[in-house]
Amino acid sequence: MNIAIFGAGSTGCYLAGQLCISELQVSLICRPAIKQKIIANNGITLTDYNGFKQTIMPQALITDINQESSINGKFDVVFVTLKCHQVSSIANQLMAITHDNSSIIFMQNGLGSFDSIKDSLDHYSLLQGITPFNVLQLPNAVFHKGTEGVFTLQANPHTIAIQSALVNHGFGCDIEADFTPMIYGKLLLNLNNALNAVTDLPIKQQLSHYKNRRILAKAMKEWLTVCEAADIQLHQYTKVKPSWLPTILSLPNVLFTVLAKQMLDIDPKARSSMWEDIQAKRKTEVDYINGAVVSIGKKYGIKTPVNQAIVEQIKQLEQRH
């Protein structure tokens with residue numbers, strides 16, 4: 001199985017590293033800066049909050065898709081790990097590097113980006129995937145997993161084979177047939193991405209402040225209200241039901257600290273991908289996350305002032321940086 005990671009940033013490189021360690025053939029389609037870092041440091045180094053550390057070099061590092069597709073042929077599986085706003089424009093590039101039996105797996109946060117491209121590629125096996133954990137890019141091509149969770153992929157023969165390889169090498173990987181509850185449930189957790197960028201604090205420190213948790217709780221309540229109106233079911237990613245999260249986040253610090261240990265392990269260094277985007281002066285995915293809450297809320301007549309305010313704060317940060 002010949003696999004490509006299209007848009008290998010933080011999450012893409014972590015995925016590539018796990019696949020390489022699992023003895024799968026993996027090529028990275030990435031920015032020249034990422035390629036240079038990986039070469040300079042003799043590979044990708046994966047670390048996590050439990051002390052795991054391993055360095056691995058992918059099969060190929062690609063910065064020119066047209067040149068590579070003519071040399072090495074087509075990929076059986078392509079993981080698309082680009083940002084949401086970059087997805088709609090890559091249909092022709094994906095067709096150039098795949099064949100009729102290829103699987104294309106979209107790993108974006110939020111809602112809307114998959115719908116923007118699926119009609120252009122309707123003759124392919126199009127799947128979705130989720131990264132339910134945080135990955136922070138550190139110096140020297142180190143990619144650090146800061147929270148618990150495993151890659152979750154939509155079921156087909158390719159992803160089942162990938163799951164088997166990952167599990168056989170000590171990594172977790174979940175396979176799900178119905179991915180709609182997965183996507184909507186993940187959005188509930190992703191609502192903190194923007195708040196983490198606004199506070200400019202590590203996630204664990206951010207959530208230690210009652211005021212910050214209350215804002216997140218209100219943002220989550222808005223999404224839960226929208227989902228109830230739209231009859232949307234949410235997958236449970238934490239050890240508690242999605243509907244309980246706002247209540248737990250609203251608890252006083254002493255009680256929250258006790259319960260949070262049972263919910264989610266968080267590395268002190270962990271930050272959100274949106275924080276990384278702001279620091280790197282890149283456009284964020286806020287329109288597909290908090291903005292999606294606002295737009296779906298309007299459709300069902302649900303007011304979402306907290307998420308609207310968060311979107312506006314991120315837009316201001318984008319302009320400032």
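A nonpolar core is a set of buried Ala, Val, Leu, Ile, Met, Phe, Trp, Tyr and Cys residues joined through side-chain atoms within 4.5 Å. Buried means under 20% relative accessible area (1.4 Å probe, protein chains only).

This is a predicted model, where local features need pLDDT of at least 70, side-chain atom pairs count only at pLDDT 80 or more, and totals for chains, interfaces and linings use all residues. Residues are numbered from 1 along each chain as its sequence is written, and side-chain values use heavy atoms, with hydrogens and water left out.

**Cores**

The largest nonpolar core holds 47 residues. Leu188, Leu191 and Trp223 have the most contacts inside it. Contact means heavy atoms within 4.5 Å. Helices (DSSP H or I runs of at least four residues, numbered from the N terminus) supply this core. Among those giving two or more residues are these:

| Helix | Residues |
|---|---|
| helix 6 | 180-199 |
| helix 8 | 210-230 |
| helix 10 | 253-263 |
| helix 13 | 305-320 |

Helix 8 gives the largest share, nine residues. Leu191 touches, among others, Leu216, Ala219, Met220 and Trp223, leaving aside residues up to four places away in sequence. Another core, of 35 residues, lies apart and includes Leu24, Ile38, Leu127 and Phe143.

**Sheet**

Eight strands (DSSP E runs of at least two residues) form an open sheet. Their order is 5-2-1-6-7-8-11-12, with mixed pairing. Two strands pair if DSSP finds at least two bridges between them. Strand 5 (60-62) and strand 12 (173-176) are the edges; each has a single partner strand, so one side of each lacks a neighbour in the sheet. Strand 11 (residues 151-154) runs parallel to strand 12, joined by four bridges. There, Leu153 stands opposite Ile175.

Terms used: Buried < 20%, exposed > 50% of the residue type's maximum accessible area, 1.4 Å probe, protein only.
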